[in-house]
Structure formats: C-alpha cells, structure tokens
Amino acid sequence: MKILVPIKRVNDYNVKVRPNQSNTDVDLSNVKMAVNPFCEIAIEEAIRIKESGNAEEVVVVTVGDEKHQEQLRTALALGADRAIHVKTENPLQPLDIAKVLVKVFEKESPELVLMGKQGIDGDHNQTGQMLAAMLGLPQATFASKVELQAGSVEVTREIDGGLETLKAELPAIVTTDLRLNEPRYASLPNIMKAKRKPIDELDLDALGVSPKNRVELVAVESPAERQEGIKVESVDELVDKLKNEAKVIE
Amino acid sequence: MKTLVLVEHDNAEVAAATLSTVKAASLLGQDIDLLVAASSQVIAQKASQIDGVSKVLSFVDGRFDNEIAEDVAECVVQVANDYNFFLASSSTTGKNSLPRFAALLDIQQISEVIEIIDNATFKKPIYAGACIATVKTNQEKNVLSIRTTAFDKASAESGNAQVIEMSVTDTSSKKSAFIKNELTVSDRPELTSADIVISGGRGMQDADNFKLLDGIANKLNAAVGASRAAVDSGFAPNDYQVGQTGKSVAPNLYIAVGISGAIQHLAGMKDSKTIVAINKDEEAPIFKVADYGLVGDLFEVLPELESKL
Ligand SMILES: Cc1cc2nc3c(=O)[nH]c(=O)nc-3n(C[C@H](O)[C@H](O)[C@H](O)COP(=O)(O)OP(=O)(O)OC[C@H]3O[C@@H](n4cnc5c(N)ncnc54)[C@H](O)[C@@H]3O)c2cc1C
Ligand SMILES: Nc1ncnc2c1ncn2[C@@H]1O[C@H](COP(=O)(O)O)[C@@H](O)[C@H]1O
C-alpha cells in the first residue's frame, strides 16, 4: 500500500506573526519556517504504518515555492521514501491546493491520504475535506486514532462532543488531530540519507491546474489589545472584584 | 438570492451555535432558509421557530442520525441553485462538512468569520489570532464558517418558518460509515455557549485534581475547559480543549487555572469579557490578558475559592 502525505510549510508555531508595515499582509521576512505541526503528525502516522508492515511506500507532496524543498527534506529525513514538489511562486488557496492534490492523487494512486486538519497559518481547515469531495472519496477528519483493516480504515475522530469512530473504505482521506501521535525527531544519519532521496518536480501547467484568486487579502491588522488588568492579593479580594466590580458572579 | 444556514443538532435539540450562525446570516440582509438533515422531523420543527427564518428544508432519513459530512454535503448540493451564501458554525460538524460541499460547488470557503463588513468583505483571525485579516471575495457564491463567539444568538422561539419536506437523493460518492460515539456526558452547560468557563492547564498535575475545578464549576454553573497540555497529559477529555485548534469561547467570565497563556490557548479565549488567571508564576503570560490575576498555588487557592462562592 502507498500513503500520500500532503504537507504545508508554515511559520514555526513559537513565532508570533505580525502584520507588515503597510498592513497589507503578514510579515514573514525573518520568521523561522517549519513543517505544519499537523502535517508532522500525518508524516509520523504514515511512517508508523509503514514500520508496522502495512504500507510499502510513503510519498510526501507540497505545493509552493523553491523554499518548500526544506520541508520536503525534513519529511524525507523523518522517513518518507520520496517527495513531490509542485512548484508555484504564489501561495494558493485551499480549493486550488486541493485541485493540485487531485492530480497528484491520480498520478500516484495511493490507498490512503494522511494530511493535517489545519494549517496553523491561515487556520482554514479545508484542504482535506475538499480533496475528498473532489475525488468522491470518504473523509475522516480530526483523527486521534487510525487503524488499518483489510481494505478499510477505522478512524477515531475528535469532535466537539467527545469522540466518534468512522469506518471508511480505502482509498480514503484522513486528516490528523493533535492526539494521534507524538512525532519523532529526525536523526543525523537520517538527515544525511534524506539528501540522497528523490524529489520529483512538477508544475501547475503540467498538471493542468490554473489557480484563481477567488478571495483576496485586503488588509492585515493586529487584534485589539486587551488592557492588562490588576493583580489581586487574596481570594477574598478576587471574589469581591468579580461580584462588585466586574459583576460577573452573584 | 437567499442565504442557506446548516442546522446543527444532536437529533434532540438545535445547537446554540446555529442560533449565532443565523444571527450572522441576518447581517447579509437576504432571506434565510435553514437546511436540516436529521433522523426525524423534530429538529426541523424546532428550527422553524428560530427568529428571522423563511423556510426550513427538512431532509429526514435514518442515516442522518449522525452527521456524516458526505451526506450533509449531498443535501446542500441538491438545493444549491437557489442560494448564494452558505453558512455553518465553525464547530467540528461545520468544519467537517462545509469544505466538502464548497469544493463540490467549486467555491473557496472563508473560515472563522468574525465580522461581516459587507456582502463581499469579511474579517477573520489568522496565525492563532495574532493577526486579523480582511478578505474580499470575487466569487458569486460564498461559503462562510462562522466563529459563533463573535455574534449574538437569534431568538430560538419567536420565528414561524415554513417547513418543507425534501426527498433525499443518493449520489455515487463513497462515504464513511458511522461505527460509534463516545460522548462526554455532563450536566453542566456546554463549553462554547456557557456564561462562565473555568479551565485547567498542566499546573493541575493530574486528572483527579480537575475535581477542584468541578466543585467551583458546579457552584457557578460554569463549563470546564482545559489547555492542550492538560488534554495531552490525559487530565481532561479532548472536547475540553480551548484554543487555536480546539474550541473558541467568549464567556462573561473565563477563569484560567495553572495555564501559562501560550498564544494557541489565548486564541480560543482572549475575547472573553472578564478573564481571571490563577498561576503561581507571576511572570506567566496569561496575566497579560487577565483582568484579575491572582499569584498563588492553585492547590491552596481553589479550595478557598470554592468555599467563598
Ligand atoms: C499545533 C499546535 C496547536 C496547539 N493548539 C492549542 C490549543 O488549541 N489550546 C491550547 O491550550 N494549547 C495549544 N497548543 C499548545 C500551546 O502551545 C501550549 O503548549 C499549551 O497551551 C500549554 O498549556 P499549559 O498552559 O496548560 O501548560 P504550561 O505552559 O506548562 O503551563 C502550566 C502553568 O501552570 C502553572 N502552575 C504550575 N503549577 C501550579 C500551581 N501549583 N499553582 C498555580 N499555577 C501552577 C505554571 O506556572 C505554568 O504557567 C498548541 C500547540 C501546537 C504546536
Ligand atoms: N501548499 C500545500 N501543499 C501541500 N499540502 C497542503 C498545502 N496546504 C495545505 N495542505 C494540506 O492541507 C492541510 C490543511 O490545511 P488548510 O486547509 O490550509 O488548513 C495541511 O495540514 C496539509 O496537509
């Protein structure tokens, strides 16, 4: 079985991203970039499935500019066998990313697609569901447990009320949540080995996808700052403030 | 053109999130219809009483017992011609199904809308709420997921919409099948719509200590939440997680206990009206957003607080 893992290059989650000077976009000029944390979880899960003998090949794919190769190398160092880089200078929106991934899916014919539930940059939470829709395949989003069975996958999902378990026939699209696993770190020998693993390059023309700017970014601003409040000295003072000043309890 | 709102429910009640979504929809200034996919007519009847709604399209089928995204998306696609706006809340249900039908209709969805400026221009948080983006759509049809904490609730009782029974057509799309649910049972208010929320973090040390929060929650009729670290460590179930990748809450009162205040946590609670932080580290970033900070050991503070409420 082959597993396809689409990954996204995003800011390191420790960095607080700010608007640029002209408030037209975010300022990523000096920001450390990384593999989206949910995608790291997807890579880890794919590798574990391979290690358990249930998959032969893990292929990672990303859509973006030249710098995205860094994240593909990271994925290869973590244990992916092969990478695909779909090149585009301008970042695409989830619908177009999904259209690209449809083409990659059709070329690769994986049995399972494992991807992140959301990019921590745009917080869209869309691409996996869109890919599943366009392919007419079952989706299992927000996975905290993935169990492969013959010809199907059973997925436990994190939902607002608790947990839900679904079963999907393969091929299926699964998006990962935080509790699915704890990603490993790449070892130095594996980082060296990853340099020799293949990265196939494709472009949008060859795939026949022409992206559209359907939703434009008009402005980016900082949110209204909260006023830092006061420190209270005791529980009594806290209760008093909540009752008589904030009037939020009785 | 009209606006279609997806009704969320548990086959017994309409979710509070839907009321806020209807309120957001009303700001678009168009007629609002609701879409209900449920296992009985009960939900459609209840939904017809929501204020400001023209029609309720009611899809009834046993398989709608659980809201499988594939099924819901099919229902929407079936009626999509009449609408130019499609809205649902950004709950896990909305997040699961909205992009599915957006893609089927070739629409780029706009997620987590917190403000409707006009019918083409919307605001939404990005980068864990560190920035607010204003986006403008060039599409004729739009799909919006609504961050419900940013909108009031429509009245659940004053409306009188017409209920239209729809017939369900199946398409060829392959679907996942429901196996089981393990839902958290609680007598307390639901986290995202509670007036008061008390959340625990890694500082709680273990699951047993969450009882210290339960006592206070019971006295205040509050919901209990948690940080990611607390959920990851098994102190609290996953549905307690507040934050960028968990739930967004904006209660009248949010009490953060043993939570440091990472940006991912703040993303889900910094719009609360009053914030209280209880933390033994006076440098903890949570104090930067707190109206009232109490520096102290939670194991001393919580029992005293409970006794004084
Ligand atoms: C992709 C991604 C998504 C994430 N999504 C979320 C999310 O949705 N929600 C979320 O919350 N986090 C999220 N995080 C995690 C976030 O970055 C922080 O790691 C997390 O919020 C920390 O939780 P905490 O404050 O409970 O723990 P810590 O940061 O460890 O803080 C514990 C606090 O407890 C205090 N404390 C300890 N003992 C006591 C005591 N006895 N009395 C009083 N105070 C005490 C300490 O002083 C400290 O401030 C995400 C991270 C990533 C990478
Ligand atoms: N540019 C991209 N290239 C490859 N995969 C992507 C890209 N953008 C998003 N994805 C995948 O889609 C998931 C959800 O992203 P999003 O819909 O942007 O929140 C990510 O975790 C990735 O798995």
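Helices (H or I, at least four residues) and strands (E, at least two) are DSSP runs, numbered from the N terminus. This is a predicted model, where local features need pLDDT of at least 70, side-chain atom pairs count only at pLDDT 80 or more, and totals for chains, interfaces and linings use all residues. Residues are numbered from 1 along each chain as its sequence is written, chains are lettered from A and ligands numbered from 1 in the order in which they are written, and side-chain values use heavy atoms, with hydrogens and water left out.

Helix α5 of chain A, residues 188-194, is home to Leu188(A). Leu188(A) counts as exposed because its relative accessibility is 61% (exposed is over 50%, buried under 20%, partly exposed in between, with a 1.4 Å probe and protein chains only). Over in helix α7 of chain A (residues 235-245) sits Val239(A), which counts as buried because its relative accessibility is just 7%. Between the C-alpha atoms of Val239(A) and Glu250(A) there are 9.5 Å, with the two residues 11 apart along the chain.

Now for the ligands. Ligand 2 has 17 residues around it, and Pro6(A), Val63(A), Gly119(A), Asn125(A) and Thr127(A) come nearest (a residue is near a molecule if one of its heavy atoms lies within 4 Å of it). By class, this shell holds seven nonpolar, nine polar and one charged residues; Ala, Val, Leu, Ile, Met, Phe, Trp, Tyr, Cys and Pro count as nonpolar, Asp, Glu, Lys and Arg as charged, and the others, Gly among them, as polar. Strand β6(A) gives the most to the shell around ligand 2, with three residues. The backbone joins in too: an N or O atom of the Pro6(A) backbone lies 2.7 Å from an oxygen atom of ligand 2, and one from Gly116(A) lies 3.1 Å from an oxygen atom of ligand 2. On its own, ligand 2 has 480 Å² of accessible area, and the protein covers 98% of that (areas come from the Shrake-Rupley method with a 1.4 Å probe; for residues, only the protein chains shown count as cover).

Ligand 1 lies between chains A and B. Its shell divides into 10 nonpolar, 14 polar and five charged residues. A polar backbone atom of Val242(B) is 2.8 Å from a nitrogen atom of ligand 1, while a backbone N or O atom of Gly258(B) lies 3.0 Å from an oxygen atom of ligand 1. Taken alone, ligand 1 exposes 990 Å², and the protein buries 87% of that.

Definitions and conventions:
A polar contact is a pair of N or O atoms within 3.5 Å; within protein, one must be able to donate a hydrogen and the other to accept it, and residues adjacent in sequence count only if both atoms are side-chain atoms.
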